[in-house]
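The following exercises are to be worked with the sequence and the structure at hand. Each task is followed by a solution in steps.

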Protein chains: 4
Amino acid sequence: MLVVMQAHASEDQIRAVCQKIESLGYRAHPIPGAERTAIGITGNQGEVEPGTLEEMAGVQEVIRVTKPYKLVSRDIKEDNTVIRFPGSTATIGGSALAVMAGPCAIESREQAFAVAERVARAGAQFFRGGAYKPRTSPYSFQGLGEDGLRILAEIRDQFGMRIVTEAIDHESLELVEDYADIIQIGARNMQNFSLLRRAGRSRKPVMVKRGMAATLEELLMAAEYVMSEGNYSVILCERGVRTFADHTRNTLDLSIVPAVQRLSHLPVLVDPSHGTGKRNKVTPLSRAAVAVGADGLLVEVHHQPDKALSDGVQSLYPDQFDELMAQVRQIAPVVGRTIPPIGSDPPLEPAITPRSKVRTSAPSLS
Amino acid sequence: MLVVMQAHASEDQIRAVCQKIESLGYRAHPIPGAERTAIGITGNQGEVEPGTLEEMAGVQEVIRVTKPYKLVSRDIKEDNTVIRFPGSTATIGGSALAVMAGPCAIESREQAFAVAERVARAGAQFFRGGAYKPRTSPYSFQGLGEDGLRILAEIRDQFGMRIVTEAIDHESLELVEDYADIIQIGARNMQNFSLLRRAGRSRKPVMVKRGMAATLEELLMAAEYVMSEGNYSVILCERGVRTFADHTRNTLDLSIVPAVQRLSHLPVLVDPSHGTGKRNKVTPLSRAAVAVGADGLLVEVHHQPDKALSDGVQSLYPDQFDELMAQVRQIAPVVGRTIPPIGSDPPLEPAITPRSKVRTSAPSLS
Amino acid sequence: MLVVMQAHASEDQIRAVCQKIESLGYRAHPIPGAERTAIGITGNQGEVEPGTLEEMAGVQEVIRVTKPYKLVSRDIKEDNTVIRFPGSTATIGGSALAVMAGPCAIESREQAFAVAERVARAGAQFFRGGAYKPRTSPYSFQGLGEDGLRILAEIRDQFGMRIVTEAIDHESLELVEDYADIIQIGARNMQNFSLLRRAGRSRKPVMVKRGMAATLEELLMAAEYVMSEGNYSVILCERGVRTFADHTRNTLDLSIVPAVQRLSHLPVLVDPSHGTGKRNKVTPLSRAAVAVGADGLLVEVHHQPDKALSDGVQSLYPDQFDELMAQVRQIAPVVGRTIPPIGSDPPLEPAITPRSKVRTSAPSLS
Amino acid sequence: MLVVMQAHASEDQIRAVCQKIESLGYRAHPIPGAERTAIGITGNQGEVEPGTLEEMAGVQEVIRVTKPYKLVSRDIKEDNTVIRFPGSTATIGGSALAVMAGPCAIESREQAFAVAERVARAGAQFFRGGAYKPRTSPYSFQGLGEDGLRILAEIRDQFGMRIVTEAIDHESLELVEDYADIIQIGARNMQNFSLLRRAGRSRKPVMVKRGMAATLEELLMAAEYVMSEGNYSVILCERGVRTFADHTRNTLDLSIVPAVQRLSHLPVLVDPSHGTGKRNKVTPLSRAAVAVGADGLLVEVHHQPDKALSDGVQSLYPDQFDELMAQVRQIAPVVGRTIPPIGSDPPLEPAITPRSKVRTSAPSLS
């Protein structure tokens, strides 16, 4: 159920409608748009009686939303969600292409800094790297944990990049939200609804990666789980689905980008590294992802891929990433995207770890 | 790495090898078989030097296990794992077919008892029903939580059936292991490695359902996660995979049953309810599952499917379940299976809830 | 569009309706059922005006068929189609299970006879073997062509089995319909509509194998192509579909058997040899296919699988086929099926090749 | 088996090696490259003894080709195959992007000309349109047949575009090769090996579309079938594969473009119309296809999509195609592609139908 307010509805009117909804035992989600505010209604107990609300001051109409998703839908918020980060020019969902790069896993301070230095110089505004790794085998390297997060926080201080890293359970999420700027929910946890709810109670933006067998609707519903808890800063990410095709590790489904953009106001990125699993396919598919209209890229880069503790075979060499950025810079304008000039986010002044935490205040949303 | 002990190796010799392994910084998993004991070695730090162990008393050979799974493998344990339950004749993995039946979700005491009475009478030795439901939509019925678990415990007391129910996160797992006899890990959490590890630290058997896009190896690796933490009572369950085929909700892949049995000593069940998503397909596919050689069935039954809060469309009516059991009883002997006569587990004497917990002692393993 | 005649409608009335339909520029397909006759209307030019027909003598009702398939549908023919063969007790679609066995390809007279002798003795009433092989590589063995067909005809004479073999184009179909009893359209040609139409103009029954990515509806539409040309003796065959699963060559989708039987009157067989691609999975999945209710099996048997020119890895040894038949004989009665006793079709008296052709008259349909 | 000739090998030496190969009962396929000539050897009868050839004059080495494909491989021909058309500047596989546009089916002269006029004006050098339509239903519009081909020939005369149209069997292929410039083998016939062989005996270039469940290797082997008969002008085309994803009709697998280009010298196009099945996805995915590096596009355009007899829902309006071309023109240079200026192929002088046939001489290959 969705209450669409009149264009000139006052703050008081909006507040009154929200209070009414809550008094009926539901939850109100006011979502301000460029022209008007809509108020989403969620709650388990069944159907709201629309009559009660339709006659309130400032209400234009009450829409029964038949699609299973509500808060992710363009019906409830027409304008694209743009996620901003305090103290940074970086955005996700706006006209600038969001480029996230870094190693699959943080292996050591040296490795992380070596890669960070190169991807920052090439123009990435976001640094990605796993501290908690969901691995198929219990005997594989599982990540450095909080030590990895500390290294990531240092990289933010040093290079001014925003940090995105994965949380795999409630415990790691507590730490990730302290240290990082974006909480990543991996493909294998896309329907770990308990984790999605927990991420929904965080102040930090959440990036949800598409599960290997997830339909578009299931991907949107995963985002809906996060939003239903009150966190509206959600980013979607296509990373390949599982098919019979064996020339790539997964089959990258770029058509989901325009499909998401049609139905939802949320930004959607593409990860050609996991999406192909092969280094020589990452650059062509990155170009394609930008050309199809994605809001950004997630690319694995490693300075010594052959020594990587995970996913080395799909990581670009830094020189290849430079080349990728050069190509992407040419395609972006064709689809109306900009890429911020290199160095637009100057390194923050050095900070000790506790301050890293303090500094990562909640992002603002437009 | 696997240490195979000689057939006549003494308890002391086995203990000494385990201590040596642990002193090297690894973890030892002694697994007694009908003829000899094998000791699995797990640990993150790399390769063990086999020489150290090969010369110890009672050791027959040290095998480098090249497959990524170790503890689940028949290489490490030739005989089928048979899971037994204190105070019950029910087994899983032995010659008796394990039939688990019940509603998708526990909706109320009345509903649960109505279904339980019928499936117990038809010969099911296990009662299934969700107290925590992973639902695609955050707005759908999410289960009764601990209230549902209490109802399940009462059903065990009343009807003598063992209880299987799903845990969706660490918090619910704590409760499920208190109340239930088998902890179910759902398809959507098959690669929630944090949850698998936690289940591996439980004393209760764990049933891992195959993920919608999981390969055989990934399914075995999920079981390996549980076993690597020391819990060897693991049951696998095929429940359909995602394909292009649209005449059923999922495509039930019965060929995985002989494939699992070839590679692993763990029991493997089939869930034709989720595997087809259509009531009229459940009985034919249940027959097929028994004929293919599955160790048991997981079947949804509801006394009023049209009023079910979830998955009603795939739940059998109690009369249909009677008929299914009648057919299955005829096919089981062809594949060397028995079905215990009805009433072989008499109802336990009534017990108050706290005692329900006490009574569910850890199962024994053979 | 479907005209359902009254139960007591006379032959003259039926004929009159057919003539009316044809005079309107459509094609009439009278299909006699146990209780009443239905007349299917097909044609490209659009919608028939039902009024014209509804008022004719003997017409009960005119049904607009909204599903894209008509002639394959149970709407048009309620009773199962049973295909009979002149001079043989073998049937397909009746209560008897149809077992088709033989090598993937006819390699030589010696090989074919060696296998035929064993599968006939084990109780197969149909002999299968390819004379024209659709091979992925142009450099692989492509079959013996007409020489292979001659060998097959000899096997019919010698052992009394009916012959099923694949046609791959119009040219081979001409020959296959001369020599064989059933024309097989392979999975790769399931949407070779030109070939389907040509098969529809043959007097011999046609077995259509499901394409590797075919939905249920597409499979039924392939049969519809054959029937739309006037050949109503069509057999469907599930042989595995392509998915991400890698423990078998294809994923055998047994749920399509009850799905076909619900919608269509046509018989449906299962081919567990191609469906799994692994010898050790053929017997378990054959048991499952019978238990799920299939009308028959298609099984590859080779007396020297390791020397087979194609698909040896999935062919059973004759002894394994004996064992398979023994198991299948036990399961068949549970699903109301019989297996004809061995030797129920005595060998025909020896015949020279030309007579083989003459003898294979068109089958009758009930 | 592949004979690599020395860089300076004479014509006589090449001819002698070919004769030797043929005298051994095999087939020789001399394939001239920029630096040297290679000679492929094909034939069913087994392995060639390399010794015989290795010592001949001008031979550098004899390579056993272990991959199942030979003639399609870059091992045998390092340089890209570029297909040229007599009397036209259009090429496929060179630096110019090949754009093929037109309606799904030729419905009438008026419709075909209306569309042709617009796509020619927008810059397409190839006109596509079906005269023989493989339709899932036997009752759907099946194409105009030879009448459609005549219309296509007129369009070539009028607008100077080269014609690509589908052949569905031997009979239609005879006609298609008379009237058209490129013979299309549709996805459903990708493993109709009899048709592929027949196309291999044509002088006209053949475009093979990827089957809905075809692996990369199977696609290459389909091309190998054509080439093994002596026709080296083969074009591959990705048109989406079948997966569980339901937001598009098929899942367009753009990663196959760099994968093909790595293994094969053949050009590879992308068909985003069938690949998505939705008009609003065609332009974004066309941009992506060019960005990934495809050699061209196949796009459905209809002047009245809502009245189209087939696939209207995925056909662009002419104005949308103009916009697509404008976008594609901007992306092409980033990947080193050119798009020929509009009007670079002036209309041929009017010709009567018989001359249309005469004029379409065989293309040259580089």
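**Exercise 1: two helices across a chain boundary**

In this predicted model, A:Pro284, A:Leu285, A:Arg287, A:Ala288, A:Val290, A:Ala291 and A:Val292 of H10(A) meet D:Pro284, D:Leu285, D:Arg287, D:Ala288, D:Ala291 and D:Val292 of H10(D).

Task: Determine the classes of the residues in the contact of H10(A) with H10(D), and describe how the axes of H10(A) and H10(D) cross.

Solution.

Step 1. Sorted by class, the contact of H10(A) with H10(D) holds 11 nonpolar, no polar and two charged residues.

Step 2. Two packed helices are described by the angle between their axes and the distance between the axes. For H10(A) and H10(D), the axes come within 7 Å and cross at roughly 155°.

Step 3. Angles over 145 degrees count as roughly antiparallel, and H10(A) is therefore roughly antiparallel to H10(D).

Step 4. The crossing in which H10(A) passes H10(D) is right-handed.

**Exercise 2: the side of chain A that touches chain D**

Task: State how many residues of chain A are in contact with chain D, and identify the element that gives the largest share of the side of chain A that touches chain D.

Solution.

Step 1. The contact joins 34 residues of chain A to 33 residues of chain D.

Step 2. On the side of chain A that touches chain D, two or more residues each come from helix H8 (256–263), helix H10 (279–292) and helix H11 (318–331) of chain A.

Step 3. H10(A) gives the largest share of this side, with nine residues.

Step 4. By class, the side of chain A that touches chain D consists of 18 nonpolar, 11 polar and five charged residues.

**Exercise 3: the surroundings of H8(A)**

Task: Decide whether H8(A) is mostly covered or mostly open, and find what covers its buried residues.

Solution.

Step 1. Six of the eight residues of H8(A) are buried, and the helix is mostly covered.

Step 2. The buried residues of H8(A) are A:Ile256, A:Val257, A:Pro258, A:Ala259, A:Val260 and A:Gln261.

Step 3. From chain A, the cover of these buried residues includes helix H7 (216–228), strand E12 (234–238), strand E13 (268–270) and H10. Helix H10 (279–292) of chain D is also included in the cover.

**Exercise 4: how the copies are related**

Task: Give the rotation and shift that lay chain A on chain D, and those that superpose chain C on chain B.

Solution.

Step 1. Two copies of a chain are related by a rotation about an axis and a shift along it.

Step 2. A turn of 180° with a shift of 0.0 Å along the axis lays chain A on chain D, with an RMSD of 0.1 Å. The residue of chain A that comes closest to the rotation axis is A:Ala288, with its C-alpha at 2.0 Å. The same surface serves both copies, as 97% of the contact residues of chain A recur in chain D.

Step 3. Chain C is superposed on chain B by a rotation of 180° with 0.0 Å of shift along its axis, at an RMSD of 0.1 Å. These two copies are thus related as by a two-fold rotation axis. In chain C, the C-alpha of C:Ala288 is the nearest to the axis, at 2.0 Å from it. Here too the same surface serves both copies: 100% of the contact residues of chain C recur in chain B.

Step 4. The contact itself involves 33 residues of chain C and 33 residues of chain B. Helix H8 (256–263), helix H10 (279–292) and helix H11 (318–331) of chain C give two or more residues each to the side that touches chain B. H10(C) supplies the largest share of that side, eight residues.

**Exercise 5: two helices within chain D**

Task: Determine the angle at which helix H4 (residues 146–159) and helix H5 (residues 170–179) of chain D pack, and name the residues through which H4(D) and H5(D) meet.

Solution.

Step 1. H4(D) and H5(D) pack at an angle of about 15°, and their axes are 10 Å apart.

Step 2. Angles under 35 degrees count as roughly parallel, and H4(D) and H5(D) are therefore roughly parallel to each other. Their crossing is right-handed.

Step 3. D:Glu146, D:Leu149, D:Leu152 and D:Ala153 of H4(D) meet D:Leu175, D:Val176 and D:Tyr179 of H5(D). The contact of H4(D) with H5(D) divides into six nonpolar, no polar and one charged residues.

Key: Residues are numbered from 1 along each chain as its sequence is written. Chains are lettered from A and ligands numbered from 1 in the order in which they are written. This is a predicted model: local features need pLDDT of at least 70, side-chain atom pairs count only at pLDDT 80 or more; totals for chains, interfaces and linings use all residues. Copies are superposed by least squares on the C-alpha atoms of residues with pLDDT of at least 70 in both. Two residues are in contact if their C-beta atoms, placed from the backbone, lie within 7 Å. Helices (H or I, at least four residues) and strands (E, at least two) are DSSP runs, numbered from the N terminus. Ala, Val, Leu, Ile, Met, Phe, Trp, Tyr, Cys and Pro count as nonpolar, Asp, Glu, Lys and Arg as charged, and the others, Gly among them, as polar. A residue is buried if 20 or more other C-beta atoms lie within 10 Å of its own, exposed if 12 or fewer, and partly exposed in between; C-beta atoms are placed from the backbone. Axes are lines fitted to C-alpha atoms, for helices over the stretch in contact, and angles run from 0 to 180 degrees between N-to-C directions. Angles under 35 degrees count as roughly parallel, over 145 as roughly antiparallel, 65 to 115 as roughly perpendicular and the rest as oblique. A crossing is left-handed if the near helix is turned anticlockwise from the far one by less than a right angle, and right-handed if clockwise.
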